[in-house]
Amino acid sequence: MGVRITQRTADKYERLLRYLKQYLAQRGKAEDIPVERMNYKFLDGFNLFLQTAHRCRHNGAVAVMDCLRNFVLYCLRNEWITKNPFRYYKLKDDEVQAKEHLTAHELELLSRKALDHRLARIRDVFVFCCLTGLAFADADHLRREHLSQDDEGRWWIHKPREKTSVMSRIPLLPATLEILRRYEHDEVCVARSRVLPTPSNQKMNAYLNEIAAVCGINKVLTTHVARHTFACMAVEYGMPIDVLAKILGHSNTNMTRHYAKFSETVIGREMEMFGQKLTSAAAE
């Protein structure tokens with residue numbers, strides 16, 4: 001674990017195994033079947049089982065089926081089977097609505113709002129993620145050893161992502177350094193050998209809903225909103241997509257574009273620049 005696959009990946013395949021056993025039991029079959037007996041009918045039935053027995057939405061079922069397909073491809077590469085049951089079984093995600101994110105004004109409002117001790121700690125973790133692009137799991141596992149200072153005095157986070165093990169390289173802003181200093185001697189942080197006072201993901205999301213209500217922000221705030229907020233603001237203020245990918249810990253920019261939704265501000269700015277270039281070209 002942690003060498004070739006992450007704990008998150010192992011958990012996904014353990015879930016797949018559990019669902020497959022339940023599916024076979026529902027069909028009244030043996031607990032196990034040879035891989036080569038898996039066919040289109042089996043796959044279609046399993047997909048339906050996921051969406052009914054486990055109430056998976058379409059994209060959730062596709063994610064589980066994709067794990068099964070990866071296993072089948074592994075079997076093919078090792079020549080344990082000769083036919084690919086997924087050859088004609090296509091998996092395609094439904095288009096999803098753009099993820100929620102905060103505007104710069106909303107983030108400023110949330111950052112300055114007077115909150116009680118309990119909510120202020122949650123707010124600080126959320127703002128830290130908004131200004132670094134860290135996912136909740138990475139913020140939760142952030143330790144002193146992940147922080148370093150370069151020759152110019154700039155502080156950095158160098159941390160492999162919990163999800164993919166790809167290294168994130170994040171320069172720290174003054175506001176994020178201030179948050180880290182605030183919890184440098186915090187009892188909870190010291191006891192956990194962490195630099196931020198993170199609760200569980202579920203508690204964090206529940207508290208964020210309280211904070212949104214107090215701040216008058218009519219959006220559903222979750223830990224992942226912070227990562228989207230960072231990506232969207234970075235693109236809006238002109239950060240190159242390849243630089244953003246390094247900060248977010250993405251192995252390619254296609255993954256980054258999933259987070260960096262282009263706002264109307266960006267579209268308007270680019271169109272204005274295009275118009276200026278056209279005018280200059282016409283005048284020559």
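Buried residues have under 20% relative accessible area, exposed residues over 50%, and partly exposed residues fall in between (1.4 Å probe, protein chains only). His117 is exposed, with a relative accessible area of 61%.

This is a predicted model, in which local features need pLDDT of at least 70 and side-chain atom pairs count only at pLDDT 80 or more, while totals for chains, interfaces and linings use all residues. Residues are numbered from 1 along each chain as its sequence is written, and side-chain values use heavy atoms, with hydrogens and water left out.

**Overall architecture**

The protein contains 13 helices and three strands. Both kinds of element are DSSP runs numbered from the N terminus: helices are H or I runs of at least four residues, and strands are E runs of at least two. The C-alpha trace spans about 65 × 60 × 40 Å along its principal axes. Of the 284 residues, 38% are buried. The accessible surface comes to about 17600 Å², and carbon and sulfur atoms account for 52% of it; such areas come from the Shrake-Rupley method with a 1.4 Å probe, and for residues only the protein chains shown count as cover. A contact means heavy atoms within 4.5 Å. Among contacts with a separation of 6 or more, 59% are between residues 24 or more positions apart.

**Helix H3 and a surface patch**

Helix H3 (residues 58-77) holds Tyr74, and Cys75 is found in H3 as well. Tyr74 is partly exposed at 39% relative accessible area, whereas Cys75 is buried at 2%. Tyr74 joins Tyr13, Phe71 and Trp80 in a nonpolar surface patch with about 420 Å² of accessible area together. Patches consist of residues with over 30% relative accessible area and no salt bridge; like charges are joined within 9 Å, and nonpolar side chains (Val, Leu, Ile, Met, Phe, Trp, Tyr) within 5 Å. Leaving aside neighbours within four places in sequence, Cys75 is in contact with Val35, Trp80 and Ile81.

**Helices H11 and H12**

Helix H11 (residues 241-248) has Ile241, Leu244, Ala245, Ile247 and Leu248 buried. Seen down the axis of H11, these buried residues fall within an arc of 165°, so they line one face of the helix; the arc is that of the directions from the helix axis to the C-beta atoms. Gly249, just after H11, takes a positive phi of about 75°.

Thr256 lies in helix H12 (residues 253-259) and is buried at 0% relative accessibility. Not counting residues up to four places away in sequence, Thr256 touches Ile241, Leu244, Ala245, Leu248 and His250. With His250 there is a side-chain polar contact of 2.9 Å, that is, a pair of N or O atoms within 3.5 Å; within protein, one must be able to donate a hydrogen and the other to accept it, and residues adjacent in sequence count only if both atoms are side-chain atoms.

**Salt bridges**

The whole structure has 16 salt bridges, each a side-chain nitrogen of Lys or Arg within 4 Å of a carboxyl oxygen of Asp or Glu. Three are listed below.

| Pair | N to O distance |
|---|---|
| Arg118 and Glu210 | 3.0 Å |
| Arg143 and Glu145 | 3.1 Å |
| Lys159 and Glu162 | 2.8 Å |

Lys159 is buried at 2% relative accessibility, whereas Glu162 is partly exposed at 32%. Salt bridges that share partners also join Arg123, Asp124, Glu178, Arg181 and Arg182 into one network.
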